[in-house]
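User: I am new to this structure and would like a close look at a single part of it. Could you pick out one sheet and walk me through how its strands are arranged, and then show me how that part fits into the whole?

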Number of protein chains: 2
Amino acid sequence: MGNTKRIIVIGGSAAGPKAAARARRLDENAEITLFQKSADLSMASCGYPYYIGGIFDDRNQLLCSPAGVVRDSKFFWNAKKINSLVNTEVVRIDRKKKTVAFKNLLTEEQGVAEYDKLVIASGSIPKRPPIPGMSLDGITTLQSMADADYLRKIHDEGKIKKAVVIGGGLIGIETCEALHLAGVEITIIELLPQLLTFLDPQMAQLVEKYVRTKSNVILQNGVAAFLGENGKLTGVKLQNGDEIPCELAVVAIGVSPNITLAREAGLEIGARGGIKVSEYMQTSDDDIYAVGDCIEIPNLISGMNVHAPYGDLANLQGRVAGENIIKGNVATFPGTIQTGICKVFDYGVGATGLSEYAARVAGMNNIETLVNASLDKPGFMQGKLLITKLVVEREKGSILGAQVIGPGDVSKQIAIWAMAIKGKLTVDDMVNADLPYAPPFSLAIDHSIATAHIMQNKLKGLFTGISSLQFKEMLDSKTPLLAVDVRNPDEFEQMRLGIGEKLIPLGQLRKRISELPEDKNTGIVVYCKISLRGYEAALIMQANGYTQVKVLEGGIMAWPFEREK
Amino acid sequence: MGNTKRIIVIGGSAAGPKAAARARRLDENAEITLFQKSADLSMASCGYPYYIGGIFDDRNQLLCSPAGVVRDSKFFWNAKKINSLVNTEVVRIDRKKKTVAFKNLLTEEQGVAEYDKLVIASGSIPKRPPIPGMSLDGITTLQSMADADYLRKIHDEGKIKKAVVIGGGLIGIETCEALHLAGVEITIIELLPQLLTFLDPQMAQLVEKYVRTKSNVILQNGVAAFLGENGKLTGVKLQNGDEIPCELAVVAIGVSPNITLAREAGLEIGARGGIKVSEYMQTSDDDIYAVGDCIEIPNLISGMNVHAPYGDLANLQGRVAGENIIKGNVATFPGTIQTGICKVFDYGVGATGLSEYAARVAGMNNIETLVNASLDKPGFMQGKLLITKLVVEREKGSILGAQVIGPGDVSKQIAIWAMAIKGKLTVDDMVNADLPYAPPFSLAIDHSIATAHIMQNKLKGLFTGISSLQFKEMLDSKTPLLAVDVRNPDEFEQMRLGIGEKLIPLGQLRKRISELPEDKNTGIVVYCKISLRGYEAALIMQANGYTQVKVLEGGIMAWPFEREK
């Protein structure tokens, strides 16, 4: 062997193969061995829901290189000179001897291999609730290729009529869409009071309202027991005693870092339950690196460690580890701002940075938030709605986070805010952002820039907003106030909140200002469809001496509650 | 009047109304008058091509507020208390008396109005070449609502069969698409050797190749004369003597800042022909501000002033001027990175920052460039091609500019790079960018991040690229070299350059390395479809001692020349 570096990689999904491939590119002579517990390699696991839903039919597409070649052991050897052992589990790491012990799960054959550098990419394992009946036929997770095969078979057979998805997070919602496309009636069951906890409540409620047009949603309720007959699932019993008949249950209540091997080897584990690594992706053992879903990493805004099991980050981490095991610690992965997105039927739902909730948990209290709604491009180009919640630090106006939802181009909006956070930009920077404009792609003032404009107005005290949640609380508690809708009568006829509001179209407001209460300290909440006209109306009222005027942020479009019309 | 501020705005398209509206929002009592030479106000002029092409049919949509109300004088008065005089031209500014003299173009009525603060938003005027026959019927520009009406009528009547578009810039290309949709056969005539000069040649050639599938393109040739019969256009005569029959000619050779009023008033004019303004949008007269297409502004990367007639910037500048005329100079517009995008049939074509050409003109020579091609999202999600040219400063790796073209999601890519430049990010920052990933929206390693990865490899000396232009020059000059295509035989059968290349699939390269020339200093250019496998092959060759191996950047997908297949 001599100078040949021996590299072992544990895990063959995303981060592991990336580390191995990067190492190979930097050292043609290294001896690289990859152990993969399951049968497949480099699975595009984020694509499972679309395979299950029938967006595409060729299973191999989940396993292919961009050129259409299945990434099997032969491919890894021929194209990358990586020795990949599938169906082979690493059962022990011996850090003193610098060896791993492994076992072929089909043949039971065992072996030991030596390493100079080891990369652990053991991934995550789905959480399973300790509920009676978990062994019934018809209960699955959506984590492995085997799970995807199981659910795809259900799609193809078309026999199952009702399913429950347990967990209203990202995977739960994606699974819901996939099964809906397979013609299954779905009920999502979530223990918390909202879906998608990376969103703040108002945003989550808007998504929930939309999801309810496609499936049932049960919140603040868990599954107490799985019910069955002859070993087959027939329903679930909820914690409140309700029973829901179903033939399929998908458990999607989150994942935990798979750290068994690392812990047994005595590697340091972090507070969030993931393997502790440096920015070089190095564990507490200098010769062992760890990447992907099995580690925890810093959130770059809060500074707090998080478990961020995202496929894109796994690849970036793998690239860094692959370079460092060959070249020494020259490359770094600094951390995450937890940018994420998912497709929810025809909506995009995304977030980057901190939600208001996450910012407060991190001890940031000097923050300002704003909800803004607009089209993504002009109406004449079939523009679609976007709703953004922006969170900023109040003093400097630093961007802390953004959540964007709607049928519009959410992906671009999230990318813009993610880059703003990466560049440590402030609201004052964003008001003059120079983004690509043409009618097929955006409004003349892009939705993100308009959001920054309103936030700047808010920080300067020109815009006083109220969130729909706060407004609803005031209405529910019968706080005396005047609600003013400043749209046109025809708009009012088509759609309205119906909360006892007064209609004064913006164009008539100056003439009809005397119709407002005499008491200039009356609480007034003003709005329109998206609250642009609402903002102008508030300014007119304020110029006429009204001191307690607030604009309903995002207008009727961001109202997550029932409307009269 | 007393303390009431008198504000006059000249120009009612984008920047002017924005300045007026912002001023109103900040001062309910200001007396605001807007003069507009033409009949319409707040026209969405960037939407003209889509109205002409029949993407939408209701002309009012070009003039409407988001709520569907036409922004006419009545709207401006009722909703914004702005007195807007249409069909009214300001003919003179008297800076001493602080007045403007105006004339109603329909009634010939004249008047004089006093201002405390004046905003000039006089826009731009289309350049018209001094060519015989310019007065023939059938020759137009695409600048005004009247032009749009004229061309829409042509669409609706469907009589015209052949048209020429003079000028292969942004407006020319958009017009070409609009007329193509109207069933007209188009010939684009461009004086320069390429279309779309904001792109570097290779990128422009790729767009040209695509445009040629929809229309004729003539480069390096101008119109010498318009030919006519009975006052009607019948064709154009080119500078090389060729004649092209046509019934319609659209002149789109660019626009100049409309500075007549400003120059006559003695305001300072900049080197690029636009009104000179500070970052407050203030002209050389403290009481006069100027915004929009009539000014010049700094390019934030080169520091050189440019004329940047973009609708989005006009709005941002209007907002800044509107605030400053009310509040004093509190708001700034720092400049532009010249981000732009246009739709070219089913392609997006965009750029931000400096092209390689623009960087070199600005005296930057220590730069590195890269062309990268990939899908925008996975193949199984119907991913579409993106081709990016990235330009960076070599020392620190600062992002200087990016050009992106293709049927993929160009808009998001350009937004990402525009934000990277705004945040003064480097390639090292971009390699770990945290962007929204899910298969419906992007690849696990987003195209922009993959581009940064390859650029980082290039800066580190791991990747030695060659552009298609350089490679073509070597081929044309019969430079001795070996071209190696490392795709699979079936791919080679479907599509190939046919330049005498040798086919060695990547997976066979290590075994067949002896088939390469004995002389390890032989020049080798290696590639695949997008040059990812090409890169891996180059590393294998280098590890085997070959010293002169280059990767064809962007692979076959970024090859703008003829292919054998």
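Analyst: Happy to help; what follows starts with one sheet in chain A and then widens to the chain, its core and the pair of chains. Please keep in mind that this is a predicted model.

Let's begin with the sheet itself. It is an open sheet of five strands in chain A, and from one side to the other the order is 27-31-30-28-29. The pairing is parallel. As general background, strands of a sheet pair through backbone hydrogen bonds, either parallel or antiparallel. The edges of this sheet are strand 27 (465-466) and strand 29 (502-503) of chain A. Each of these two has a single partner strand, so one side of each is left without a neighbour in the sheet.

Now zoom in on one pair. Strand 28 of chain A covers residues 482-485, strand 30 of chain A covers residues 524-527, and the two run parallel, joined by four bridges. If you would like one bridge to find on screen, look for A:Asp485, whose bridge partner in strand 30 of chain A is A:Tyr527.

A helix belongs in this picture too. Helix 16 of chain A, residues 532-543, lies across strand 28, strand 30 and strand 31 (549-552) of chain A. Relative to strand 31 of chain A, helix 16 runs at about 175°.

Stepping back, chain A has 16 helices and 31 strands. Its radius of gyration is 27 Å, close to the 24 Å that the globule rule gives for 565 residues, so chain A is as compact as a globular protein of that length. The C-alpha trace of chain A spans about 90 × 60 × 40 Å along its principal axes. Of its 565 residues, 55% count as buried. Among contacts in chain A with a separation of 6 or more, 66% are between residues 24 or more positions apart.

The largest nonpolar core holds 372 residues, and the members that touch the most others are A:Val207, A:Ala249, B:Val207 and B:Ala249. Beyond its neighbours within four places in sequence, B:Ala249 has contacts that include B:Ile139, B:Val164, B:Phe226 and B:Leu233.

Finally, the two chains together. Chain B superposes on chain A by a rotation of 180° with 0.0 Å of shift along its axis, at an RMSD of 0.0 Å. That is the relation of a two-fold axis. In chain B, the residue that comes closest to the rotation axis is B:Gly423, at 2.1 Å (C-alpha). The same surface serves both copies, with 99% of the contact residues of chain B recurring in chain A.

Key. Residues numbered from 1 in each chain as written. Chains lettered and ligands numbered in written order. Predicted model: local features only at pLDDT ≥ 70, side-chain atom pairs only at ≥ 80, totals over all residues. Core = buried A, V, L, I, M, F, W, Y, C linked by C-beta atoms within 7 Å. Buried ≥ 20, exposed ≤ 12 C-beta atoms within 10 Å, placed from the backbone. Contact = placed C-beta atoms within 7 Å. Pairing = 2+ DSSP bridges. Axes fitted to C-alpha atoms, helices over the stretch in contact; angles between N-to-C directions. Least-squares fit on C-alpha atoms with pLDDT ≥ 70 in both. Rg over C-alpha atoms; globule rule 2.2 N^0.38 Å.
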